[in-house]
Amino acid sequence: MKLVLPSVEYKVSFIEAVKELQSETTTMTTRRYRELSIPELEADFESFAEKERSHARGKNQPEGYVPQSEFWFVDGGEYIGHVGIRHELNEHLKTIGGHIGYSIRPSKRGKGYGNKILEFALPKAKELGINCVLLTCDATNVASRKVIEKNGGVLENQVPNPQTGIDKLRFWIDI
Ligand SMILES: CC(C)(COP(=O)(O)OP(=O)(O)OC[C@H]1O[C@@H](n2cnc3c(N)ncnc32)[C@H](O)[C@@H]1OP(=O)(O)O)[C@@H](O)C(=O)NCCC(=O)NCCS
């Protein structure tokens, strides 16, 4: 099990994961991945992987986004999930988004990978100079709350999220 930079090496299992994301009904997973075009990924995966890697340099991101290091969590050479570590917090991230976002592909959930992906991400955050990590999840997201608490998250508060109508829980982890 490890975190790696997005790479063409994981093309086959990544594309399978995108197909899984596209057929599930929840909207909580990385929208960017759900909306990917399979034919475009099949045709030129390297360009996609390079764009993902460039987010760490603040490139190829929507207006107002902060630089974000993207890592893929792999096990046995297969894509399992994604984690994005934001290098700093803007106003939106301070209340809603937090420093770290993660998701496990649907067919691999409930096997302990969620706890592991955050455990592996925390040292990467530390390498980026983040000593106090803000993590958020929807108040209704029981699995994500458990992942955060298992990794030492301390609840600060619960805030309304007008975009979804579902409150966000805000946790801090000192690393
Ligand atoms: C949240 C998510 C990353 C958890 O990943 P996972 O691999 O299923 O998590 P794990 O198997 O490590 O389980 C973590 C804990 O949640 C519990 N859990 C898992 N799925 C659950 C569910 N559907 N309902 C309640 N608890 C659940 C597990 O029992 C485990 O608890 P434990 O540590 O006390 O044993 C995954 O469900 C996911 O990708 N969801 C969609 C994206 C998302 O919500 N990302 C987080 C945004 S804040």
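How accessible is Glu-50: buried, partly exposed or exposed? Glu-50 counts as partly exposed, at 30% relative accessibility, where buried means under 20% relative accessible area, exposed over 50%, and partly exposed in between (1.4 Å probe, protein chains only).

A word on the model before going further. This is a predicted model, in which local features need pLDDT of at least 70 and side-chain atom pairs count only at pLDDT 80 or more, while totals for chains, interfaces and linings use all residues. Residues are numbered from 1 along each chain as its sequence is written, and side-chain values use heavy atoms, with hydrogens and water left out.

**Salt bridges**

Side chains of opposite charge can pair when their charged atoms come close. Here a salt bridge is a side-chain nitrogen of Lys or Arg within 4 Å of a carboxyl oxygen of Asp or Glu, and the count comes to 15. Three of them are set out below.

| Arg | Partner | Closest N to O |
|---|---|---|
| Arg-53 | Glu-46 | 2.9 Å |
| Arg-57 | Glu-50 | 3.0 Å |
| Arg-170 | Glu-156 | 2.8 Å |

The Arg-170 and Glu-156 pair links distant parts of the chain, with Arg-170 in strand β7 (residues 168-174) and Glu-156 in strand β6 (residues 154-159), 14 residues apart. Strands (E, at least two residues) and helices (H or I, at least four) are DSSP runs, numbered from the N terminus. Arg-170 is buried at 9% relative accessibility, whereas Glu-156 is partly exposed at 46%. Salt bridges with shared partners also join Glu-16, Glu-20, Glu-78 and Arg-105 into one network.

Back with the other two pairs, Arg-57 is exposed, its relative accessible area being 51%. Glu-46 is partly exposed at 37%, and Arg-53 is partly exposed at 24%.

**Around the ligand**

Now to the ligand, which 20 residues surround, counting those with a heavy atom within 4 Å of it. The closest are Tyr-102, Ile-104, Gly-110, Gly-112 and Asn-141. Helix α7 (142-150) is among the elements that each supply at least two residues of the shell, together with β4 (100-104), α6 (113-127) and β5 (132-138). With six residues, α7 gives the most. By type, the shell divides into seven nonpolar, nine polar and four charged residues.

Backbone atoms meet the ligand too. A polar backbone atom of Tyr-102 is 2.8 Å from a ligand nitrogen, and a backbone N or O atom of Gly-110 lies 2.8 Å from a ligand oxygen. For Gly-114, a backbone N or O atom lies 2.9 Å from an oxygen atom of the ligand. Taken alone, the ligand exposes 930 Å², and the protein buries 71% of that (Shrake-Rupley method, 1.4 Å probe).

Notes. A polar contact is a pair of N or O atoms within 3.5 Å; within protein, one must be able to donate a hydrogen and the other to accept it, and residues adjacent in sequence count only if both atoms are side-chain atoms. Ala, Val, Leu, Ile, Met, Phe, Trp, Tyr, Cys and Pro count as nonpolar, Asp, Glu, Lys and Arg as charged, and the others, Gly among them, as polar.
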